[in-house]
Structures are given as structure tokens and as C-alpha cells.
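This report goes through a few local features of one protein model. Please keep the sequence and the structure open while reading.

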Amino acid sequence: LAGLEASDWSWCPAFLDVDLDGYEDLLVTTGHWRDAQNADIAREIEEAKKQKTMPALEQLRLRKRFPRLDTPNVAFRNRGDLTFEEVGATWGFDSRRISHGMALVDLDNDGDLDVVINCLNDAPLLCRNDSPRPRVSVRLRGRPPNTRGVGARVRVLAPGLPAQSQEIICGGRYLSSDDFVRTFAAGNESNRVTIEVTWRNGRQSIITNAPANHVFELDESAAQVSSITNHQSQITPFFNDVTSLLNHVHHDEPFDDFTRQPLLPRKLSQLGPGVTWFDFNGDGWDDLFVGAGRGGRIGVFRNDGHGRFIPQRTPALDVPVERDVTTVLGWRPNPTNTVLLMGLANYECDATNGPAFRQFSVVTGAVDDDLFRASASTGPLALADIDGDGDLDLFVGGRVLPGRYPEAAASALLRNDGARLRFDAQASRAFTGVGLVSGAVFTDLDADGWPELVLACEWGPVRVFRNDQGNFTAWDAPVTINDQPSTLNQLVGWWNSVAAGDFDGDGRLDIVAGNWGRNTKYEAHLSEPLHLYFGDLDGDGSLELVEAYFDRDLKKIVPWRDWQSLAVTFPFIKERYSSFTAFSTAGVSEFLGNKLAQMKDLVANTLDSVVFLNRGDHFEARHLPMEAQVAPVFGIVVGDLDGDGNEDIFVSQNFFAVAPDTSRCDAGCGLWLKGDGRGGFVAVPGQKSGIAIYGEGRGAAVADYDHDGRLDLAVGQNGNTTRLYRNAGARPGLRVRLKGPPGNPQGIGAVIQLKNANGRSGPAHEVHAGGGYWSQDSADLVLGAIDEPEGLSVKWPGGASMTVPIRQSPHQVVVGMDGKVEEQP
């Protein structure tokens, strides 16, 4: 993401605002006397040792075969947007001397910091900083024995610049220590800046109206007791962590994906769990379900209505599952039955025709695994009344074919005939080659009462299937992105998840889709599409893979993996190339030769997580804020989390189970994105949100589990604690519960809007059964409003609409299809 990857053998990094623009740049010393990681030379040495017994001194002399590694020092200029550009040559910092220690000091007393670098077996480097911009320098005179004020923090506020802050340090660099002075940008010569020093004892010294281009020395003896409030300690977070109420840990047995397909980009056995809010016992309080990994148990927690969750034990659910349980959906197919639908992944068991999902009756305890069988491993499930007959039909998303990633997996549609779910072969043809479906949601994009189906596909686009009275057809919708025309199908990514909400308050439902973000090794090469070549070259039934990208220097598509890693799958490579060096310039077409014709090619051109604003006949794509791009997004929740009347987004993040040569994606901690009601979002810091989830976040879902008019949050983690957050800071909203027909008593698919006294409407809210990432929100909605509501409009599945009055200020309303309204204080 930042553009700092691969500075080679690096010794000493130092942040320094070289160009005095208010943003700290990064300097890095590099190089080594011997290129000890040269794999070809290492192989030669190992072979030489095998030829004869060598004394230690002779073995040591073999190391002279390693060549000198004289890489240039690098300088990264801070662009001010969390990204950097390499400017070592432009700034004259690109010396190829083997550079180790580095220290900062103002050698010429011009107020900016110069750089001194120690070089191995060579003269030192003195780099004079010639930045002409205005600056202020700060020295400290501390009380003995800390006379230089080590540990004090200096903060400078200059008009037109970001707040700048540095600490006085002693040592801390590689075998090096700076002078005890710090320099800050002043903006322009007429600026007057404020300098704040917080000493180690907590006292403060403050200089206001300080002119630019001066050196300021502050004496600790004149410091005062701090009058600046610590705002961090006064922040009351919106959410309280009440995870202890569940005491649940997701279990997932280890599985070696790379034995079957050694060149997989990442594991596919650690994708769960999803989480679900559903009132399974009909007492009016949402209960919680958590999917399970192979060898684990499904988490079932009954909400007792008094703020406690009671683990439930039934014979059918309290046994270790043989397959990963992906999505769990709660459903009432008729007034006398309550059912759980549980997606079953056959990825680890290699079943060629295994059950795609399990139906479990909460009422009778009956289990049915034979409603639909498939070769694909199941990912998402979603329910909706797709044909307007008053009952719910089921979409089953094919996530992957075991051993044949990334070949397209078939998905399916099952229609409800009133008695049971039955596979609809004709309707499912539209989804036969749809791809690797990771997320699914039904949403009424054109407001005609017939829900469209939106799919998040890996190595594919966000796909939209229009619903023409129960018949689905693919729609490659026009999209504007970065002010450029495109279409949905042209935005190919590794999409993980998808959800729907009215983010700009225009009454149309928009789409938000989770992707892998910008903080991966792939980001630097996305100016051209990423490639994945695949084919069964040896006829063993598993697909061989080659990840590749366009190398701008070589001007060819080259593989990500090295010679040795690829040779495990493609032994013929060692016949064509005798070493890492010989292979280092080979393109995919060169090393595969005529075998390339036997392989297919998938491409990806975007990894950003994106909001698609619905403009009726097209979408306007907007990238989610940078904080959402630092890690892969899995769970997506849409709801008014602070009660201001605008829809917000929560995303769960991170993925650790990557290939051995790839750094894990762990920079996320769960993120609340506050909506502005116009389609824009701002990241809420963890100190304010109260949310901090550092594991592998997966499914997420919201419910007002304690009936206080605030949306609470549950988040699943792979192989880790299921997190529960109670919302304590939001302005309470109006709880809305629907009474639908017997086959859809919760009104799944209905769209609701508040009508305010000022004549304006709130955003559209839709009731879903399945969405985000393998999860299900509560069917009881919470509608935030700043103005006093006077009515509620409801569009039911099938298109019937009504507007009902709200006569007072109730806590909850229950709306039936007959227009009757029950108001509860």
C-alpha cells in the first residue's frame, strides 16, 4: 500500500522530513559485503561441501564466492496520503557504498537536518540537506541528569500543515544516534507556529507565535503543569466489548492445501465462519449462531432477554462437524416449523457429489442432507422470494472445486414449491459457470419488488443478475470509476463479500463489495492486470497454477514464484534453466513453451474494496477510505450504527493463511466506516468505536439483541474468539418488525423507509436473509432518525406498497401486510 516494499538488504531506516513539506519521508541504508542470499552460489557451496570433508576455515573461504551486494540507498518521499515514492536518485541519496549506520544532525547550522552514513570498508557519506523551505528547529535543555530532554515529545502546529510530532531519542538507530535536535516544517516565512513540548515528567512548555527560520531552545525548569487535556482518556467508545458473554472460540482442524495444489496463492480451508442473528425459539429476542470448521461444533447461543446468552445443546448440533459449516440461515418455511440451513464445504474431503447444505428442523430435530448435492464446495447461502409467490427460495453459491482452483464452480437456485426446496435446473443454468462465488445477496436494485441477485466472485467481477418476475439474466451494468466509463464485468478482482444499503439516501439500494485491498505484494504491479494460468498438464485431476504479473523492466509477463518452487510442479523447468539466475528473466510463455496452450488465463485488475452507488441505469463506483484498503475485507455489515439517520458500514478484515512466500495480511482491526448520507464514508478510530479485532475477521452481522434501539455487532474469527460488541453510544432508533405471509413471516426482501414530519424520507432499509460474508443480520430493523418520523413506507416482495402512520413516538412498531400497525412504547 505505502510503496515501501522490497528495499533489499536494509540496515537503518530513519524518518526525516527532507523536503520540509510537513510529512516525514523515509531514508534507508542498504547493501552487504556478500550477497549471502544468492541461491545459486549457496547451491554451489553446498555441492562443494558434499564433494569432500572441509575444515571450518576452508568452508569459511567458500563464502568468498558470494558477490558483493551493492544496492543503492533509497529515499521515499511521503506523498501525504499514506503512500511514498522512491526518489533516491532525484535527491542524490542513491550511493552504492555498503551503508550501515545513519545519524541525523545539522552540520551547517542552516536549521535543517543533514545525514551522516557509515559505510563498510569505505569512507562515510555526508549528505547535506539543501531544502529551501521555511523551518523551525527545536533543542531542549533538560534537568540533570537528562540534560538533553531524551524521551520528551515535541509537537509543532503550523498553519496549512498537518500537526507534526517527534520524540527526542538517544540511540535507537542501527549502531547510531542522532544529534538532540529536531526540525519541523513551518509552511511559509510569514507563518507563526506553536511549539509544544511534553517532558518526561508530564509537565509542558509551550511557545506560541513562533516565527519561521529560527532555532528555539526550551528549558525544562520553566515547564508548567500540563493544562492540555488528554482527549484520548476522555473518549467514551460507542461499542462495549461483551465477548465474555459468549465465551466461544471457532475451531478449524489444520489442512494442508498446498499438498494438493502446491502453487495456490492462499489457503481455501480457512475461510469461515459466518455468523447469524435469528430468533429460533420465537420469543422475540434474536439468538446467535456461529459456523464451524471441520472438527468443531456450531455455536448456538440463546438470548435470554436479560443480556445473557445461553449455549444450547442439541444432539444434531452438539457433535463435531465433518465438513466446514459456511453460512447458517434461519428460516420459517411455514407457521409450524423453524429451520436452519447450513452450507457444507466439501473442500477438505474431496467429495465429488456431496451435500451442498443441511436442513435442520429446530422443531422436530429432523436433519436432511439430500435436498441438493454438488461437486462444488459451498460458500454463501441467501434466501429471497424470487418469484413473488409468498415463500422463500434459496441460492447456493459454489465457492471452489476441490483440487481444481480456480476453475469456475457451479452455483444453484432452489425453488420453494410450498413443501420443500427443489433444485431448479433451468434457472440454475444462468449460474453454471459464474465463477468462484464468495459472497451473495438478494437486493431490489430497480425497486420493482423483484430482488436482483448480486455475487462477489474471486478472479471475477461483482456480478448482477436482474430478476424479471422470477427469471434471472446477467446484467453487465455501466459503471463510472475515477471519472472513467467502465462496466461491472470489467472490474475483475478477488471479491470476498457483498452487501446492499442506501448510502446516499436517494431511496435506491446501493452495493458495497469487499476485496483484498492495497496492502499486498500485488499492488505494485496493478498498473497491468494480474494473471493466473491454470490447467491439468499431467492429467491427475488437479490443476497446476502459475501466478504472474507484467514486469515493466523486462516488458513481459513473468511468474511470481521462483525457479525452485515452480520446478516442484513443473519438473521440466530444470531441464530448460539450470539456475535461479538463468530463470530470473524468463517469461511465462518462455518457460511453459507449447504447454501454455493447454492452460487457461484469468486476470484481475482491481483489488480495492468499493461502494457502487445506484444511479438507476448505471453505477458510480467509489473506493472505500484508505483505512479499509489496508487489509482484505470479508464481513460487511450495513446499518445506522450511530443513529444519525445515515447508513454506515462495518468491515471485518485480515487473512493469515497465505502462501509461504507471501506476508500475511494482518493490518486490519475491524473498521467502522461512518456514512455521511451522500455516499461518502469516514473511518472511525478504534478508540472512538471501541472495536479492536486483530485476528482473521470473517462473517459479521448486526442485531439489536437487547432491544435498546441500537445495533449491536457480532464478528466471527477463523480459529479465534467470536467477538460481541454492545452498542452503548448510538442515538436510539425506531425498531421495526414485519409480519409477512405464512411462507415469509419476517418479510424478507421488504424495503422500508421512514417518512419524516418535514416531508423528507430516510434511507431505504432492506430485510435480508443472507449477505455480507456468509452471514445473516436480524430481520428486526433499527431505523435512525434526526427528525420526528410520522410514517413508514413498506414495499413488500412482489411489489405491493403501503405507507402507514406513526401516531406517537414508539420504541418499536410491528407492521403487517394488511396495513395494521402495532406500536410499542
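How far is the sulfur of Cys127 from the closest cysteine sulfur? The distance is 8.6 Å, to the sulfur of Cys119, which is too far for a bond. The model is predicted, so local features need pLDDT of at least 70 and side-chain atom pairs count only at pLDDT 80 or more, while totals for chains, interfaces and linings use all residues. Residues are numbered from 1 along each chain as its sequence is written, and side-chain values use heavy atoms, with hydrogens and water left out.

**Cysteines**

A disulfide is a pair of cysteine sulfur atoms within 2.5 Å. By this rule the count is 0 disulfides. Cys669 is in no disulfide either, the nearest cysteine sulfur being that of Cys665. Accessibility is given as relative accessible area: buried is under 20%, exposed is over 50%, and partly exposed lies in between (1.4 Å probe, protein chains only).

| Cysteine | Nearest cysteine sulfur | Relative accessible area |
|---|---|---|
| Cys127 | Cys119, 8.6 Å | 21%, partly exposed |
| Cys669 | Cys665, 15 Å | 25%, partly exposed |

**Strands E5 and E6**

Strands (E, at least two residues) are DSSP runs, numbered from the N terminus. Two of them pair if DSSP finds at least two bridges between them. Cys119 also appears here, as the bridge partner in E6 of Ser99. Strand E5 (residues 99-105) and strand E6 (residues 114-119) are antiparallel and share 5 bridges. E5 is mostly covered, with 7 of its 7 residues buried.

**His531**

His531 lies in strand E39 (residues 530-535). Is His531 buried or exposed? His531 is buried, because its relative accessible area is 11%. Its side chain makes a polar contact of 3.0 Å with the side chain of Asp601. A polar contact is a pair of N or O atoms within 3.5 Å; within protein, one must be able to donate a hydrogen and the other to accept it, and residues adjacent in sequence count only if both atoms are side-chain atoms. Contact in general means heavy atoms within 4.5 Å. Leaving aside neighbours within four places in sequence, the contacts of His531 include Trp459, Val546, Ile557 and Leu602.

**An open sheet**

Four strands form an open antiparallel sheet in the order E54-E53-E56-E57. Strands E54 (765-766) and E57 (801-805) stand at the edges with a single partner strand each, so one side of each has no neighbour in the sheet. Strand E53 (residues 751-756) pairs with strand E56 (residues 789-795) over 6 bridges, in the antiparallel sense. Within this pair, Gln753 stands opposite Ser793 in E56.
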